[in-house]
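This briefing looks at how a ligand is held and at how several helices are packed. Please keep the sequence and the structure in view while reading.

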Amino acid sequence: MDILFKERLLLNANMSKKIAIDQQVKRFYKYLKTNGNIEKLGTNSDNRAEPIHRWFSFLPGFSHAFVRTTLGYFYPHENEANIVTVHDPFMGSATTAVAGRNYGINVVGNESNQFLYEIGRAKTHLIRNIEQLPLIKQNILEVAERKWRKQDISKENMLLRKCYDWPFLKKLVELREIYRSKLVPDEFKPYVFLTISSLLSRCSHVGISIPYVSWSHERIAEEPLELFGKIFDHIKEDLSAAGNQDNVVVKIYQHDSRVQNNKIKEKSVDFIFTSPPYLNNFDYGEALKVYSYFWGFTKDWHDITEKVRKKSLTCATTHYKELLYKSKSPKDILGEEFISDAPKTTRIIIDKVNLITKARSKKNRKKSFDILTVLYFKDMYNVLSEMHRVLKNNSLCFITIGDSAPYGVYVPTDEILGRLAVEIGFSKYSLGTLRTRGKKWLNLTHRHKVTLRESLLVLRK
Ligand SMILES: C[S@@+](CC[C@H](N)C(=O)[O-])C[C@H]1O[C@@H](n2cnc3c(N)ncnc32)[C@H](O)[C@@H]1O
């Protein structure tokens, strides 16, 4: 009998004794540390060469191996689709969904960003007619080759016209037109959408996405039609290798995880594995704007605010109007429910926020990191409450999260979230460090010198 199987039996036998799960988490953390490079787990670096995960590179993503190792540890028998469901409320590029499905476990999740939701749908889309993919590719490339020169790109968004050389933009626009036409049967459209989206970063001569369009970051743009063929071949190859996964249910909702998702029933999930946005002023709407402009999901700053930022966790100062909160105290912003459910965490947050306000006025800085901090924890209160609702009793929730230091004031986001979770009903939290962060910014004179970390926060219901 292997060790993992023994542990599983022990866990089942002791389900009522909550202590068994805590010991298991401790042992698991040790196991992570001794088996491989723990520093990489919170990053997407090993997804780039991995089947399916490699179709679209998403820098804020975590490692597919992290999901796989964790599920393998807690559910040592593959193909437990008939009993186990894992939930990810911040699905991003669907790493959890793909890794969970490959392992034979059901996955349910939310993603609020329309573009990423479509990417996740494509990566988890299954078709029977894999053999038709080469023909679809050939048809698309033949038409594109013939017609791209006639494309009129003068009305394309100015940003797109700056990010691509004109012949490349014409090819991308032609591919988009083909995607929207009847030439691509509906069941293949998700793959074509994903492939064109992947071209958008690789065919530009500048860094288009993370964290912002970076004009100084000159790079060699790849030729769109040739690259389209290559990525499409990967899709065929990876789908063929994955085999039949019809028995596993994967469901991703385009949904804001701060709000109850009625499609996910109370106490219906066995495990949560996720990574929410960090309190670090990273604006996903801004970072993904080239994609969302290209697909017409948004067209300008105002649109990004209305359609992306307002539906996301508040994690950047661009997500709200400072004026709306300026005259309010942190307590007013948190609201009565938060304060009465989590009085101890309220005090910790208010102390931190007061320090940030002081540091801000001392440095005479514009960005309202103090308000941002309050709004972030208020949003996470709603997210944690919803996680608690959907999780079965005694079950675990794994959260990869970074801490913060707005204006140099250290905010242990991971620890505060752990305390908040316990105050709203989780029975215990534990923390382990995955890696240190932020070292490459240490030389910037206007930036704080606090060393940050990325942690694994484990909650038990
Ligand atoms: C750190 S990323 C998750 C990355 C993911 N683990 C992966 O491997 O691709 C956080 C994600 O949360 C999404 N998000 C932000 N606010 C959200 C909300 N309120 N509800 C659902 N998703 C949200 C963002 O769009 C982003 O994709």
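The notes below deal with the ligand site and then with helix packing.

The model is predicted, so that local features need pLDDT of at least 70 and side-chain atom pairs count only at pLDDT 80 or more, whereas totals for chains, interfaces and linings use all residues. Residues are numbered from 1 along each chain as its sequence is written, and side-chain values use heavy atoms, with hydrogens and water left out.

**Ligand site**

- There are 23 residues around the ligand, and those that come nearest are Ser93, Thr95, Glu111, Asp256 and Ser257; a residue counts as near if one of its heavy atoms lies within 4 Å of the molecule.
- The shell consists of ten nonpolar, ten polar and three charged residues, where Ala, Val, Leu, Ile, Met, Phe, Trp, Tyr, Cys and Pro count as nonpolar, Asp, Glu, Lys and Arg as charged, and the others, Gly among them, as polar.
- From the side chain of Glu111, an N or O atom is 2.6 Å from an oxygen atom of the ligand.
- On the backbone, an N or O atom of Leu313 lies 3.0 Å from a nitrogen atom of the ligand, and a polar backbone atom of Lys311 is 3.5 Å from a nitrogen atom of the ligand.
- Of the 600 Å² of accessible area that the ligand has on its own, the protein covers 99%, with areas taken from the Shrake-Rupley method with a 1.4 Å probe.

**Helix packing**

- Helices are DSSP runs (H or I, at least four residues) numbered from the N terminus, and their axes are lines fitted to C-alpha atoms over the stretch in contact, with angles running from 0 to 180 degrees between N-to-C directions.
- The axes of H16 (residues 343-363) and H17 (residues 369-390) come within 8 Å and cross at roughly 160 degrees, which means that H16 is roughly antiparallel to H17, a term for angles over 145 degrees.
- H9 (residues 189-202) and H10 (residues 224-242) have axes 9 Å apart and pack at an angle of about 130 degrees, so H9 is oblique to H10; oblique covers angles that are not under 35, over 145 or 65 to 115 degrees.
- H5 (residues 114-123) packs with H9 at an angle of about 125 degrees, the axes being 8 Å apart, and the two helices are therefore oblique to each other.

Technical notes: A polar contact is a pair of N or O atoms within 3.5 Å; within protein, one must be able to donate a hydrogen and the other to accept it, and residues adjacent in sequence count only if both atoms are side-chain atoms.
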